[in-house]
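This report looks at how helices pack and how aromatic rings meet in one protein chain. Please keep the sequence and the model at hand while reading.

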Amino acid sequence: MDELPLDLVRTLLAAVDEGTFDAAAAALHVTPSAVSQRIKALEQRTGRVLLMRTKPVRPTESGQVVVRFARQLARLELDARADLGIADARGPARLPIAVNADSLATWFLPALHRVPQEPPVCFELHREDEAHTTALLREGQVMAAVTSSPDPVAGCTVRRLGLARYLPVAGGAFAARHLTGPLERDLRDAPVIVFDRRDDLQDAFVRSLTNDGTGAGPVRHYVPTSEGFCDAVAAGLGWGLVPEPQAEPLLRAGVFTLLTPGRPVDVPLFWQQWKLDSPALAAVAEAVATTAAETLRHPE
């Protein structure tokens, strides 16, 4: 602790969380100059640059290590105060968690509803693609994440949750207009709905059909919400892979046409969290695992 004074560590965390020295100063009730001096002092002690002075500020690779340390200390302090029955003037515990949009729209919020709220817990959800949530763990921005990676981030544990099933669907009128021939040929040209520019799910699906490296067509509509994605497919803007819980009611209603019966796409999901003896974090992990066991697919 002599090498990493707590006030300096907390100041670095505040700067990262708030985004600017001015906002960190307001949160800590000090001056921006004091924030700058503390972070410089911490950098001198560690012998490393810890922050990129951008807007917002971002931790360097070394800074990410200190941010994780700071967040773990804050979590342990809150748990200790709760165990001792000491009221915390800073308010309820805060748990930053990374979760993909489709989980958030289908099963994750019911999981959080199961978490006991005495003592109260504030959830800070970071929406990110399941293939990229581990980056937030590495950076120390979150304490836990729903991820598609079974490989643990350093200092984290991994727990398998199950399979998120996606169904390749299109609106009936869209299918009649664009998908009249061999599917593997038509999907190379038909308009497609994509979540964002990092979303590879539709391209990977087409590649699995063509076996020649060809992805989905060039006409792409980027719709970065789970509900909006489903609505865009229903409106006939393009075809897409929709989570099974969202697709099934629309298939039964005749709004969607299933493009490849018996050939869904299953994405494995895992829960990664810091190795931290925290009752609040353990309660969230148990609630998430229980809900996932009830709602996700599981290998037979």
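For the helix packing discussed here, an axis is a line fitted to C-alpha atoms over the stretch in contact, and the angle between two axes runs from 0 to 180 degrees between N-to-C directions. Two packed helices are described by the angle between their axes and the distance between the axes.

The structure is a predicted model. Its chain has 13 helices and eleven strands, and the C-alpha atoms fill a box of roughly 70 × 40 × 30 Å along the principal axes. Of the 300 residues in the chain, 47% are buried. Among contacts between residues at least 6 apart in sequence, 72% join residues that are at least 24 apart.

**Packing of α1 and α3**

Helix α1, residues 6–18, and helix α3, residues 32–46, have axes that come within 9 Å and cross at roughly 115°, and the crossing in which α1 passes α3 is left-handed. On the α1 side the contact is made by Asp7, Leu8, Val9, Thr11, Leu12 and Ala15, while α3 contributes Val35, Arg38, Ile39, Ala41, Leu42 and Arg45. By character, the residues of this contact of α1 with α3 divide into eight nonpolar, one polar and three charged.

**Aromatic rings**

The count of aromatic pairs comes to three, and two of these pairs are set out in the table.

| Ring pair | Distance between centres | Angle between planes | Geometry |
|---|---|---|---|
| Trp107 and Phe108 | 5.6 Å | 75° | edge-to-face |
| Phe205 and Trp239 | 6.0 Å | 50° | tilted |

The planes of Trp107 and Phe108 stand at 75°, so the pair is edge-to-face, the cut-off for that class being over 60 degrees. Both Trp107 and Phe108 are buried, and ring pairs link these two residues with Trp271 into a cluster.

The rings of Phe205 and Trp239 have their planes at 50°, so that pair is tilted. This pair links distant parts of the chain, since Phe205 lies in helix α10 (residues 201–210) and Trp239 in the loop between α11 (226–234) and β9 (240–243), 34 residues apart. Both Phe205 and Trp239 are buried.

A charge also meets a ring in this model: the charged end of Arg197 sits over the ring of Tyr222, at 4.1 Å from the ring centre.

Notes: Residues are numbered from 1 along each chain as its sequence is written. This is a predicted model: local features need pLDDT of at least 70, side-chain atom pairs count only at pLDDT 80 or more; totals for chains, interfaces and linings use all residues. Side-chain values use heavy atoms; hydrogens and water are left out. Helices (H or I, at least four residues) and strands (E, at least two) are DSSP runs, numbered from the N terminus. A crossing is left-handed if the near helix is turned anticlockwise from the far one by less than a right angle, and right-handed if clockwise. Contact means heavy atoms within 4.5 Å. Ala, Val, Leu, Ile, Met, Phe, Trp, Tyr, Cys and Pro count as nonpolar, Asp, Glu, Lys and Arg as charged, and the others, Gly among them, as polar. Rings of Phe, Tyr and Trp (its six-membered ring) pair if their centres lie within 6.5 Å; planes under 30 degrees apart count as stacked, over 60 as edge-to-face and the rest as tilted. Buried means under 20% relative accessible area, exposed over 50%, partly exposed in between (1.4 Å probe, protein chains only). A charge sits over a ring if NZ of Lys or CZ of Arg is within 6 Å of the ring centre and within 35 degrees of the ring normal.
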